[in-house]
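Welcome, and thanks for taking a look at this one. Please open the structure below and keep it in view while you read the briefing.

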Amino acid sequence: SGPKSLREMPHPLATSSSEEMGPALTPSPDLLLPRSIADKDLSLPNGTPVDTSSPASSSSLLNRLQLDDDLDGETRDLFVTVDDPKKHVCTMETYITYRVTTKTTRAEFDLPEYSVRRRYQDFDWLRNKLEESQPTHLIPPLPEKFVVKGVVDRFSEEFVETRRKALDKFLKRITDHPVLSFNEHFNVFLTAKDLNAYKRQGMALLSKMGESVKYVTGGYKLRSRPLEFAAIGEYLDTFSLKLGTIDRIAQRIIKEQLEYLVELREYGPVYSTWGGLEVELSEPLEGVSACIGNCCTALEELSEDMTEDFLPVLREYILYSESMKNVLKKRDQVQAEYEAKLEAVALKKEDRPKVPTDVEKCQDRVECFNADLKADMERWQNNKRQDFRQLLMGMADKNIQYYEKCLTAWESIIPLLQDKPETK
């Protein structure tokens, strides 16, 4: 079947009313808190499964698909993972590719399973194509191309693994979307052995998707946003501001933890050296030295968890906020065009039995933007609540584990001090 226009595509979330969305869009001081602990305990749409490797068999895949029910309670029929990064050294450049594995039962795919290799610029190409062909929808963000704070070498294992996780999450967010997952550009990205061939051809056939929705970026100025979209804009501004503050403070905490770690590593061996000078005190002093060493290991693990698990989620949602703001701007441009055309019709003297076709088409685009944007905002809010609930619970668990390890380490040396006979 040929590509449908966005107005023809069924949208499972487009029926939600603005009244239902109202409370979720109002900026509040507790933006990061989950709204309901009673939310369904689902695997996250951000795509961080327990095991990111491909299922070993069709039966295990079926089990995974049944467990990974989406927000609407329907079993997934498209499963995508990003893994196995490989470094390629060529004469002109050095780059990393990732294996993208797809398992599906959808009729749009010729085969039930695909495995292709993609580099970062291919993911960037996909995102640009999605923005062009689906301008009314929120496109998930990609990780920054060159800069990941705290990482200098973009070919280091830490950088590559952080990027792999982000790219995997990017594809899983698209896979979870009821409209983007059916985009033909996405199909080509997942299945084409030689993606560069499609890039060179300009994908003339697929470019028809972009014709379904056109928005004007001309000199039209919007008088005022409708209240519900103004609330979304205010919420996004407040949300990104809070996340930016948390990100800066978290980075400062990590920096101070690493500085403290350097001091601890110098501090522990001093007790061991001291124990070598005094035979009677050697056992308890060695115990103190080992205790501090265990605390060093625990602190290093805590800092790694914050760097690898906590900060990337903050940055993704900061970028997500920017993506949503861009969709809002596009919606405003279409509404401004519609208002301008209505005014032009009203100013004309001649009586017309009905509104011109181009004005009706513009009105259709406004309605399309409104429905898709509200649906994507609701989906984004649901994802956000689940993501941050898991993030904050994970952070609490990691801190509890850290302090428990430190407590166990210090308690272990108490017997050494108590059982030591006193010298006369």
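A hairpin links strand 1 to strand 2 by way of four residues, and that is a good place to start looking. Please bear in mind that this is a predicted model. Overall, the protein chain holds 10 helices and three strands, and 44% of its 424 residues count as buried.

**The chain as a whole**

- Reading from the N terminus, the elements follow the order α-α-β-β-β-α-α-α-α-α-α-α-α.
- Among contacts in the protein chain with a separation of 6 or more, 77% are between residues 24 or more positions apart.
- About 23,300 Å² of the protein chain is exposed, and carbon and sulfur atoms supply 54% of that area.

**The sheet**

- The three strands form an open sheet in the order 1-2-3, with antiparallel pairing.
- Strand 1 and strand 3 take the edge positions with a single partner strand each, so each has one side without a neighbour in the sheet.
- From one strand to the next, the twist averages 20 degrees.
- Strand 1 (residues 78-89) and strand 2 (residues 94-104) run antiparallel and are joined by 10 bridges.
- To find your way along this pair, look for Asp 83, which stands opposite Arg 99 in strand 2, and for Val 80, whose bridge partner in strand 2 is Thr 102.
- Strand 2 also pairs with strand 3 in the antiparallel sense, over seven bridges; here Thr 97 stands opposite Arg 119 in strand 3.
- Is strand 2 enclosed or open? Nine of its 11 residues are buried, so strand 2 is largely enclosed by the rest of the structure.

**Helices across the sheet, and the loop before strand 3**

- Helix 3 lies across strand 1, strand 2 and strand 3, and its direction makes an angle of about 105 degrees with strand 3.
- Helix 4 lies across strand 1 and strand 2, at about 150 degrees to strand 1.
- Leu 111 belongs to the loop between strand 2 and strand 3.
- Leu 111 has 47% relative accessibility and therefore counts as partly exposed, the range between 20% and 50%.
- Leu 111 and Thr 191 are 80 residues apart along the chain, with their C-alpha atoms separated by 9.0 Å.

**Helix 5**

- Helix 5 (residues 184-191) is mostly covered, with seven of its eight residues buried.
- Which residues of helix 5 are the buried ones? They are His 185, Phe 186, Asn 187, Val 188, Phe 189, Leu 190 and Thr 191.
- The buried residues of helix 5 pack against strand 1, strand 2 and strand 3 (113-119), and also against helix 3 (120-133), helix 4 (157-176) and helix 6 (195-201).
- At the N-terminal end of helix 5, Asn 183 acts as a cap: one of its side-chain oxygens lies 2.7 Å from the backbone nitrogen of His 185.

**Nonpolar cores**

- In soluble globular proteins, nonpolar side chains tend to be buried together.
- The largest nonpolar core has 30 residues, of which Leu 236, Tyr 317, Trp 380 and Phe 388 touch the most other members.
- Helix 7 (227-277), helix 8 (282-347) and helix 9 (357-412) each supply at least two residues of this core, and helix 8 gives the most, with 12 residues.
- A second, separate core holds 28 residues, including Phe 109, Phe 123, Leu 142 and Ala 192.
- Back in the largest core, which residues does Leu 236 contact, leaving aside its neighbours within four places in sequence? Leu 236 is in contact with Ser 321, Met 324, Lys 325, Leu 328, Met 377 and Trp 380.

**Asp 372, a buried residue in helix 9**

- Asp 372 is placed in helix 9.
- Why does Asp 372 count as buried? Its relative accessibility is 5%, and buried means under 20%, so Asp 372 falls in that class.
- The side chains of Asp 372 and His 137 are joined by a polar contact of 3.4 Å.
- Asp 372 also lies 9.7 Å from Pro 135, C-alpha to C-alpha, although the two are 237 residues apart in sequence.

Key. Residues numbered from 1 in each chain as written. Predicted model: local features only at pLDDT ≥ 70, side-chain atom pairs only at ≥ 80, totals over all residues. Heavy atoms only, no water. Pairing = 2+ DSSP bridges. Core = buried A, V, L, I, M, F, W, Y, C linked by side-chain atoms within 4.5 Å. Buried < 20%, exposed > 50% of the residue type's maximum accessible area, 1.4 Å probe, protein only. Contact = heavy atoms within 4.5 Å. Polar contact = N/O pair within 3.5 Å; in protein donor to acceptor, adjacent residues only side chain to side chain. Areas by Shrake-Rupley, 256 points an atom, 1.4 Å probe, with all protein chains shown as cover. Axes fitted to C-alpha atoms, helices over the stretch in contact; angles between N-to-C directions.
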